[in-house]
Amino acid sequence: MTRTRMTASERGEQVLAAAVSAFAESGYAATKTDEIARRAGVSQPYVIRLFGSKQQLFLAATRAVCERVEAIFRAGVEAVGPDADTETRMAAMGDGYRALLLERDLPLVLMHGMAASADPVIGDAVRERYGSMYHLLRELTGASPVQAREFFATGMLLTMMAAMRVIGADAVHTDWAEEIMTNLDETETC
C-alpha cells in the first residue's frame, strides 16, 4: 500500500484541527504544543515551524472558528434570499449558529479566546474578530444596535450552555436549561 504524502497546506490544516481540539479541551494556558503535535501526528518543532509560537497557533485556531461563524452567518442570509426581512435573516443566522454549537470544540475555543483576552496580543485579536462578527451581522441583516446586542447576548448564552453540556446531542438534562430553551424557541432571538 502506498501512502500519499500530505502537502504543507494539508499538514497545516491537520495541525490547526488538532489545535482547535486541544485548546477547546484545555484552554490557552494549559495546552502544550507537544500535545497538539501528538494529536496531529507531527513533531513539536514542526508545529512551531508552521505557526511560530503557541500564541500564534491559538490565534489561528480562534480565527478559524470565527471565520466559520461568519461563513454560517453568510450562508443563513443567502438561504433566505435577498428579499427577506431583518428578523428572518437573523433567525436564519441563529439557526446556523445553533447547528455550529453541536460541534462542541468550536464554542469552547470562542470562550477560551475571550478568557485569554488579558494577554494583550490575544485580547486585541479576539476583540477585533468579535467586532467583525458584530458588524457583519448588522451589515447582512440591517439589524439595529439593540437587535444585534440581543442576538449576540443570546448567542453567548447558547455558547455557555453548550460548553456546560446542557444543550446538544450529549446534553445533561437540567430543568433550567430546558426552560431557557423553551423560552428561547418562543422568542427566536438567535
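Which residues form a nonpolar patch on the surface? In this predicted model, the patch is made by Leu157, Met160, Met164 and Trp176, with about 370 Å² of accessible area together. Let us take Leu157 as our way in. Leu157 sits in helix α8, which covers residues 145-163. Its relative accessibility is 31%, and because the partly exposed class runs from 20% to 50%, Leu157 counts as partly exposed.

Stay with helix α8 for a moment and look at how it packs. Two packed helices are described by the angle between their axes and the distance between the axes. For α8, the partner to look at is helix α6, residues 105-115. The two axes come within 9 Å and cross at roughly 110°. Angles from 65 to 115 degrees count as roughly perpendicular, and α6 and α8 are therefore placed in that class. On the α6 side, the contact is made by Pro107, Leu108, Met111 and Met114. On the α8 side, the residues are Met156, Thr159, Met160, Ala162 and Ala163. You may recognise Met160 here: besides touching α6, Met160 is part of the nonpolar surface patch.

Helix α8 also holds a charged pair. Arg149 and Glu150 form a salt bridge, with their closest N and O atoms 4.0 Å apart. Arg149 is exposed at 52% relative accessible area, whereas Glu150, at 37%, counts as partly exposed.

Now move on into the loop between α8 and α9 (175-187), where you will find Arg165. Its backbone is worth checking if you look at torsions: Arg165 has a positive phi of about 60°, although it is not a glycine. With 34% relative accessibility, Arg165 is classed as partly exposed.

What about the other salt bridges? By the distance rule used here, the count comes to eight. One of them joins Glu25 and Arg39, whose closest N and O atoms are 3.0 Å apart. Glu25 belongs to helix α1 (residues 8-30) and Arg39 to helix α2 (residues 33-40), so this pair ties together parts that lie 14 residues apart in sequence. Glu25 is exposed, with a relative accessible area of 59%, while Arg39 is partly exposed at 27%. The pair does not stand alone, for Glu25, Glu35, Arg38 and Arg39 are linked in a network of salt bridges.

Another salt bridge brings together the side chains of Arg68 and Glu103, at 2.6 Å from N to O. Arg68 lies in helix α4 (residues 54-80) and Glu103 in the loop between α5 (86-101) and α6, so the bridge ties together parts that are 35 residues apart in sequence. Both ends fall in the middle class of accessibility: Arg68 is partly exposed at 35%, and Glu103 is partly exposed at 36%.

To finish, turn to a residue with less accessible area. Is Tyr46 buried or exposed? Its relative accessibility is 17%, and because anything under 20% is classed as buried, Tyr46 counts as buried. Tyr46 is found in helix α3, residues 44-51. Setting aside neighbours within four places in sequence, Tyr46 is in contact with Ala8 and Arg11. If you would like a distance to check in your viewer, try Tyr46 and Thr33: they are 13 residues apart in sequence, and their C-alpha atoms are 10.0 Å apart in space.

Key: Residues numbered from 1 in each chain as written. Predicted model: local features only at pLDDT ≥ 70, side-chain atom pairs only at ≥ 80, totals over all residues. Heavy atoms only, no water. Patch = residues over 30% accessible without salt bridge, like charges linked within 9 Å, V, L, I, M, F, W, Y side chains within 5 Å. Areas by Shrake-Rupley, 256 points an atom, 1.4 Å probe, with all protein chains shown as cover. Helix = DSSP H or I, 4+ residues; strand = E, 2+ residues; numbered from the N terminus. Buried < 20%, exposed > 50% of the residue type's maximum accessible area, 1.4 Å probe, protein only. Axes fitted to C-alpha atoms, helices over the stretch in contact; angles between N-to-C directions. Parallel < 35°, antiparallel > 145°, perpendicular 65-115°, else oblique. Contact = heavy atoms within 4.5 Å.
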